[in-house]
Amino acid sequence: MTWGAVHRSLAALLLAALLLAGTLALGARAQEATPTFPVERLRPALDRDGIFDVEWAAIDTPGSWDAALWLGYALNPLVLNRRDFRGTTTRVGSLVAHRVGASAVVSVTLLEWLELGGELPLVLFQSRGDGVPGLALGPLSAFAVGDARLAPKLQVLTTEMQGVDLAVIPAITFPTGFPRDAYAGEGFFTLVPEVAASRELLGVRVAANLAARLRPESVTYGLQVGHELTWRVGAGYDLADAAGVPLELDASLSGGTSLLHPLASTSESPIELLFGGSWEVVKDLVRVTAGAGVGVVAGFGTPDLRVFAAFRWAPRDRDRDDDGILDDVDKCPDDPEDKDGFEDSDGCPDPDNDGDGVLDVDDRCPNIPGVPEQQGCPPDADGDGIANEKDKCPEVPEDDDEWQDEDGCPDLDNDDDGILDKDDKCPYDPEDKDDYEDLDGCPDDDNDGDEIKDGEDECPNEPEDKDGDKDEDGCPDNARIVITKKKVFALEKIYFEFGKADIRRDSFDLINEIAKTLIDNPEIGRVRIEGHTDSVGTDGYNQWLSQERVNSVRTYLIKRGVPADRLEAVGYGEAKPISSNETPGGREKNRRVEFVLIDQAAAAAPAPEAPPPTPAPAPAPPPAPAPAP
């Protein structure tokens, strides 16, 4: 399973959990007697890339964070209207006429696909104005705390891979609003699942959000408030490239409607327009935003007029030319490094590395001074006697070993068997890599010299005893254990309980014989017990199962008297098949336990690597299908 699939699954699980929590909370709210709801509809974007109240779907690099403080004034954000028999709507007064509010916003990127944001809204001052004729309204609290909002953003699509950024934001609010009658909070948990999409097109950033706000239906002075469907669209144009001014001009349009009775009432279907800009006071550090808004379609929470400002602190590693070298060490912070392998650490482009007057883009020998007539190369740059125009490797001389000598490129391993010609006794015939004298570079068709080719020989490193009994299989018939230069071969398989590390009883005699062989032959030194599986099941499960099984074999051998310091156990899972996993027979061969002689293998290898330590037993993973002997 890919990381993309993992985090998409996590997003779905988190959203389902929050939906359940929201449903329980809503059920509890339905029993409350006094309805309350927040008037403020302006919900600031949680990170620096948002456009006013529109969330940007892309996520910054892990470890990035920013914080912002929003301040604003709203005129008549909550009014009461009367509708006569002709359908004419008349405003009769304001429940909230003037409000000065603030919001503290913070966000942090935890993973390349996960950002966590939070907001705490405040009411700094509010008043009713002249009130509502005919209603005896009590005093309105001048100061209030709103409901805190927690909003994880999980990016599921990216512009680089799918052509658009898409994120899921399963936000939840907490009943921190106080006092209850200040139109600052819901008085209960609410769930606001949201989807955000964004993309930059022709220098213009565009974003759109669609969300559902889940809460019980309530009626306040004839105003019905309940489940809502909200939407936001925004666009921004950065003047930095066009005019050299660190200013982005922004606009957004937002609205909502009843989720259960969409567009049934204009008071429940408001639309608001915001416009303004963001000034980059200190690049990649401090940004100031200011703007104004008007109610396009009147409704609760949409004021006649709004003005707002925000101060955002968003520290980022500054790299003006985006060449991966930070400005404080970049000698050319406004000109990107060309990353051509020549002095790439100073941050300055090098259009002509060798200084021969031929630009690197046209220079066949960019690091060796040459002449224009030879496209920047000397007539024979590497001195191998092959002119540059015919030399495929003009800067590296041909090795003249009578193997493809006409192309001008050295051939260090003619037969491509991984053994350099200088060490290869058969430089034109590839080694067959069968764990028998594989370092000399020569193929060995019959390792044990029993006249049975290795491809047909079940014991290619142990000669057939030619005793008239099963002489065609290539194995001696009078022994179950065979010692070669590199391995201890058990001519029978070790069997385990299905899907477990428990050794089957019918394999005890075989392992007892292996233990005796190791004890009787101390000269073979240390042994690595290697476990292998077929490809059925997940990689992680097969790795775990193979390790557990060889741990069981090692423990058994130690109990039979084999010194523990002579035994190591390594599980390779399905990583080293010896046959095709596409057939039952091939999978049967791949499920095996092998005993490798570590000291002999180390002595034969020119550059030995220390074997990995025996891993500690791991906790059992969830069950998975993995046929096993």
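**Helix H4, its surroundings and the salt bridges**

In this predicted model, helix H4 turns one set of residues inward: Leu510, Ile511, Asn512, Ile514, Ala515, Thr517 and Leu518 are its buried residues. An α-helix has 3.6 residues a turn, so residues three or four places apart point the same way. The helix itself covers residues 508–520, which makes 13 residues. From first C-alpha to last, H4 reaches 18 Å, close to the 18 Å expected at 1.5 Å a residue.

As for what sits against that buried set, the partners include both strands and a helix. Strand E16 (481–483) and strand E17 (487–490) are among them, along with strand E18 (527–532). Helix H5 (539–559), strand E19 (567–571) and strand E20 (592–597) complete the list of elements that the buried residues of H4 pack against.

H4 also takes part in a salt bridge, through Glu513. The side chain of Glu513 meets that of Arg480 at 3.1 Å, N to O. This pair links distant parts of the chain, with Glu513 in helix H4 and Arg480 in the loop between E15 and E16, 33 residues apart. Arg480 also meets the side chain of Glu492 in a salt bridge, here at 3.0 Å, N to O. Glu492 lies in the loop between E17 and H4, and Arg480 in the loop between strand E15 (305–313) and E16, so this pair ties together parts that are 12 residues apart in sequence. How buried or exposed are these side chains? Arg480 has 25% relative accessibility and counts as partly exposed. Glu513, at 27%, is partly exposed, and Glu492, at 39%, is partly exposed as well.

Arg528 and Glu530 offer another case. Their side chains meet in a salt bridge at 2.9 Å, N to O, and here Arg528 and Glu530 are both buried. Elsewhere, Arg41, Glu186, Arg213, Arg215 and Glu228 are linked in a network of salt bridges. Over the model, the salt-bridge count comes to 28.

Now for some strand pairing. Strand E8 (residues 204–213) and strand E11 (residues 228–238) run antiparallel and are joined by 10 bridges. In this pairing, Ala211 stands opposite Thr230 in E11. E11 is also joined to strand E12 (residues 247–258), by 11 bridges, and these two run antiparallel too. Here Tyr237 has Leu249 in E12 as its bridge partner. E11 thus pairs with E8 and with E12.

Terms used:
Residues numbered from 1 in each chain as written. Predicted model: local features only at pLDDT ≥ 70, side-chain atom pairs only at ≥ 80, totals over all residues. Heavy atoms only, no water. Helix = DSSP H or I, 4+ residues; strand = E, 2+ residues; numbered from the N terminus. Expected span 1.5 Å × (residues − 1). Buried < 20%, exposed > 50% of the residue type's maximum accessible area, 1.4 Å probe, protein only. Contact = heavy atoms within 4.5 Å. Pairing = 2+ DSSP bridges. Salt bridge = Lys/Arg side-chain N within 4 Å of Asp/Glu carboxyl O.
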